[in-house]
Structures are given as structure tokens and as C-alpha cells.
There are 2 protein chains.
Amino acid sequence: MKLKKITKKPQALGKRWYHDACGSALGLELLGERWSLLIVRELVFGGRRFSDLRGSLPGISANILTIRLEGLERFGIIRRRTLPPPSGAQIYELTAWGYEAEVILRELGRWATRSPLHDPTLPLSAASLLMSFRTMYSSKRAKGEAATIGFRFGADGFVVEFDHQGAHPKRAEPQGCALTVVADPTTLASVVYGGRPLADAEARGELALTGDRKLFGRFLTWFPLPEKIE
Amino acid sequence: MKLKKITKKPQALGKRWYHDACGSALGLELLGERWSLLIVRELVFGGRRFSDLRGSLPGISANILTIRLEGLERFGIIRRRTLPPPSGAQIYELTAWGYEAEVILRELGRWATRSPLHDPTLPLSAASLLMSFRTMYSSKRAKGEAATIGFRFGADGFVVEFDHQGAHPKRAEPQGCALTVVADPTTLASVVYGGRPLADAEARGELALTGDRKLFGRFLTWFPLPEKIE
DNA sequence: CGGCATCCGGGAAGATACTG
DNA sequence: CAGTATCTTCCCGGATGCCG
């Protein structure tokens with residue numbers, strides 16, 4: 001039996017280091033490696049398991065995810081926790097400071113959607129879509145209407161409260177909401193942002209509404225995309 | 001003589017692509033490669049030449065800088081321009097959209113300085129320091145005092161206006177300012193953020209003040225660093 | 001199945017030298 | 001000064017397999 005090797009250098013701090021006191025450069029050390037920010041994005045609405053993360057990050061390989069999680073934990077951005085029995089599963093969740101990185105994701109996303117390369121019909125995860133609601137929601141467009149809307153994306157239920165301050169999603173069962181939307185995130189995004197007709201998505205069975213259909217019609221107008229460049 | 005090779009694939013869009021409609025993921029495609037955001041940072045206060053960039057980005061190699069500049073130009077974030085004669089030099093400058101990426105840098109920097117790994121005594125560039133002034137300036141701390149302060153970092157002169165809205169740096173000769181600071185950016189950062197005594201820096205000839213010394217004393221209090229985590 | 005180690009191939013980053 | 005060419009090193013991604 002071999003002892004655990006101790007020469008493992010999870011990431012950064014080793015050699016490829018920006019020698020730069022600038023906070024932005026440090027931010028890139030902490031979050032700038034491939035996949036790191038997207039992992040944070042997936043954790044913004046609560047802790048997830050290893051395989052949840054793998055499933056939401058198309059193309060990441062298991063070893064890279066392991067390395068990133070180690071690095072983010074070392075930096076104090078996420079923590080690892082074992083759920084109490086009977087589940088006993090291990091989850092990864094953001095620390096308080098890690099949660100504060102959400103603003104970086106929001107600004108990055110808001111800026112990038114102005115690129116002509118942005119395509120809202122591509123696949124995306126539930127966390128991405130909910131974060132886009134937070135980013136793009138315009139209480140002015142909503143004319144101050146307060147609403148609570150439920151969403152079901154496969155096994156994951158969310159409830160989002162909209163008010164004059166913004167959109168507030170949380171992981172919860174969407175029962176008792178005035179309106180509940182069942183779809184996959186990509187479909188809903190194509191309707192909200194891609195202009196895909198609701199009737200089309202419903203006819204193909206890719207989206208189902210329960211409750212106040214007129215509310216859904218108004219909901220669709222609450223997320224103006226920023227103007228494209230040029 | 002060989003014809004120019006056309007098989008050059010500047011960056012991304014090739015294979016290593018996050019298949020993700022999320023705006024944040026697209027932002028990482030555009031700006032997430034190593035060095036890209038730091039190049040944007042160096043351009044925020046005006047166009048720079050290739051060798052200026054190389055000098056301000058410790059450790060970047062010429063070929064990588066070439067590749068990044070090509071990519072940023074292709075994406076519409078920067079543009080290449082030839083200065084009119086007699087200079088005739090080529091400079092790189094941000095497009096209007098590129099300038100708007102500054103908010104990403106600011107949020108990233110503000111967030112990252114809360115890490116215990118942040119060390120304000122490391123070397124940094126003039127652009128980094130001026131951006132940190134913009135990020136960290138507290139008009140509350142300045143008690144509404146409006147001031148115009150000049151800075152000279154080697155060959156580069158800047159004038160920064162401070163008012164109740166924020167700090168507004170621009171590239172200009174610092175003549176006629178009530179106060180002018182001559183230093184290198186790293187020295188000034190160690191005094192403003194690292195608590196290094198002014199007298200020490202002056203005694204060693206690393207910093208020189210011209211004009212209102214008392215204003216400098218107040219200036220030092222205008223940039224509260226966010227609290228460290230834990 | 002969830003988490004992690006190991007090996008491998010390809011490609012990106014880094015260092016250095018060189019050119020107009 | 002503004003890059004290009006080349007070589008080396010290292011990281012990423014994919015496959016596989018171990019162990020609880």
C-alpha cells in the first residue's frame with residue numbers, strides 16, 4: 001500500500017501566475033481558469049453534487065472538474081459538505097464570499113449578450129436561465145407587477161419572485177404558484193429570448209403551462225436583451 | 001519567398017468551445033482566455049502600442065500577445081489603428097463595446113481583493129492603479145471634497161478628477177494641478193493600500209509630491225479596501 | 001453510482017531567437 | 001519597434017479503472 005502522494009499541486013500558485021498586484025489579476029488567478037466561473041454559476045442557487053455539475057457543464061471531464069473543485073475549495077470560494085443521513089451524499093456549495101462572485105457573472109453575461117455571436121437558442125442549464133432572469137429582468141418593463149412564478153426543469157423545481165427590486169429565484173417546489181411552467185431550460189430560453197412562439201413549443205409538448213396563462217404573456221416581456229453592438 | 005500561411009486560427013471558435021447559450025459562457029469565450037482581460041485593462045485609459053502592452057503585462061510573450069490581439073480584434077473588442085504621421089505608430093484601442101467591459105474588471109477586482117491572497121505591495125501597472133482608484137474610491141470617505149490630482153508614472157502623465165460621482169482618470173499632462181504625485185505605480189500603491197509611510201517612500205526618492213501636501217494626506221483616506229473574508 | 005487517480009494525445013502557453 | 005518562427009513545457013480533454 002502506497003502512502004498518498006503529497007506532490008499534488010491542484011492548480012495555479014505554482015508557475016503560471018500573473019505577477020501583478022491588481023485585484024483583477026488576482027481575480028483571474030482565482031476564477032480565471034477554464035470552467036471555474038461556470039462551476040460557480042451552477043452553484044449560485046444552492047449546493048450541487050459532483051454529477052449534477054458534470055451534467056450541467058456539457059463537455060467538462062471528470063478529472064478537470066475534480067481539479068477545479070479542489071482549487072475553488074482551497075481558495076475559499078466553495079466548500080464541501082456531506083449531507084446528513086440517509087442521503088449521505090456529498091455536495092459542493094458556495095461560501096458567503098463565493099456567492100458574491102455572482103455579480104461578476106452577471107456583468108460578464110450582460111456585456112457578452114451584446115455580441116453578435118450570442119445565440120439564445122443554444123442549450124443552457126437551469127442555473128444559467130435563472131441567472132439570466134436575475135440579470136435581464138426589468139421592473140420597469142414589468143410595470144411594478146409583483147408575481148411569483150414556478151418552474152419545473154426536469155427534476156429541479158424553482159420558485160421565482162418578481163418585484164420592483166428584481167427577480168429572486170430559489171430552489172423550491174412550484175406548488176401553489178399562480179403560474180407554473182414546465183419545460184426544459186433551453187426551450188424556455190428560446191421562447192423568452194429567441195422569440196419562438198409559445199404555441200409552437202406547446203404543440204410539440206416541450207412546454208406546459210399551469211395556471212394564469214395571461215401572466216405568462218406578460219412575463220415574456222420582462223426581459224429585454226441589451227442592444228447588439230454596431 | 002513564401003506566401004503568407006492562411007491556416008492560422010487565431011483563437012477559440014475552433015474546438016474548445018463551451019456549448020452553452022448562457023451569456024456568461026459567451027463572455028468567457030470572448031474574454032476568458034489567459035491575458036485577454038488584462039489586455040483590456042491596459043487599454044481602458046486609451047490606446048497603447050504593442051510594446052507598451054508587453055511592458056505592462058509582466059510575463060506575456062510576444063506571440064501570445066499577437067494572438068490575443070488578433071482574437072480581441074476579431075470579436076470587435078479592440079481595433080487597430082495607425083497614428084497619423086509623423087508618429088505613424090500602430091496602436092490598439094478599445095471599441096465602444098470594449099470599454100464597457102471595464103465594469104467586469106471592476107467587479108472582478110473588487111471581489112478578489114477580499115481574498116487573503118491579495119497583496120497590494122506586488123508590482124502593478126499604471127492602468128491597474130488608476131482602475132483601482134475608480135473601483136475603490138469612496139466619495140463618502142472624501143466627504144464630498146472635489147479635487148483634481150496629477151500623477152506622473154515614468155513617461156505617462158495622468159490627471160484624475162475626484163468628485164461626488166467618482167474618480168475620473170484621463171491621460172494628460174499633470175500641470176497646473178493643485179497636487180502632483182511622481183512615483184512608480186507600485187510605490188504609490190504600497191502607500192495608498194499597503195500602509196507604507198509616505199516619509200519612507202519620499203526619503204528613498206521613490207515618490208515626490210508637488211503642491212498641496214495636505215491634500216495628499218486626505219487623498220490617502222479615500223480608498224477603503226473591502227473587508228477580508230472570514 | 002460518486003469521487004478520484006492515471007495514462008495518453010493534442011493543443012495552448014512560455015521562452016528564445018530572429019527578421020524587416 | 002513590431003511582430004514572426006520554432007521549440008519546449010504544461011494544461012486540457014477523453015478514456016479507463018479503482019474503491020467506497
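The surface near DNA strand C leans on charge: in this predicted model, its residues split into eleven charged, seven polar and five nonpolar. There are 23 residues around the strand, and those that come nearest are A:Phe50, A:Arg80, B:Arg34, B:Asn63 and B:Arg68. On the DNA side, 79% of the strand C atoms within 4 Å of the protein belong to sugar and phosphate.

As for who supplies this surface, α3 (50-56), α4 (62-74) and β2 (90-94) of chain A each give at least two residues, and so does α4 (62-74) of chain B. The largest share, four residues, is down to α4(A).

A few individual contacts from chain B fill in the picture. The side chain of B:Arg34 puts an N or O atom 2.6 Å from a phosphate oxygen of strand C, while B:Gly59 has a polar backbone atom 3.5 Å from a phosphate oxygen. B:Asn63 goes for a base instead, with a polar side-chain atom 2.3 Å from a base nitrogen.

Turning to the protein-protein interface, 48 residues of chain A are in contact with 48 of chain B. About 4600 Å² is buried between the two chains, with carbon and sulfur atoms giving 70% of that area. The rule also picks out four salt bridges across this interface; one of them pairs B:Arg114 with A:Glu100, whose closest N and O atoms are 2.4 Å apart. Polar contacts link 14 residue pairs across the interface, counting pairs with both residues at pLDDT 80 or more. On the side of chain B that touches chain A, α1 (23-31), α2 (36-43) and α6 (102-112) each supply at least two residues, and the class tally there is 30 nonpolar, ten polar and eight charged.

Note on methods. Residues numbered from 1 in each chain as written. Chains lettered and ligands numbered in written order. Heavy atoms only, no water. Near = heavy atom within 4 Å. Polar contact = N/O pair within 3.5 Å; in protein donor to acceptor, adjacent residues only side chain to side chain. Nonpolar A, V, L, I, M, F, W, Y, C, P; charged D, E, K, R; others polar. Contact = heavy atoms within 4.5 Å. Buried area = accessible area lost by both parts, 1.4 Å probe. Salt bridge = Lys/Arg side-chain N within 4 Å of Asp/Glu carboxyl O.
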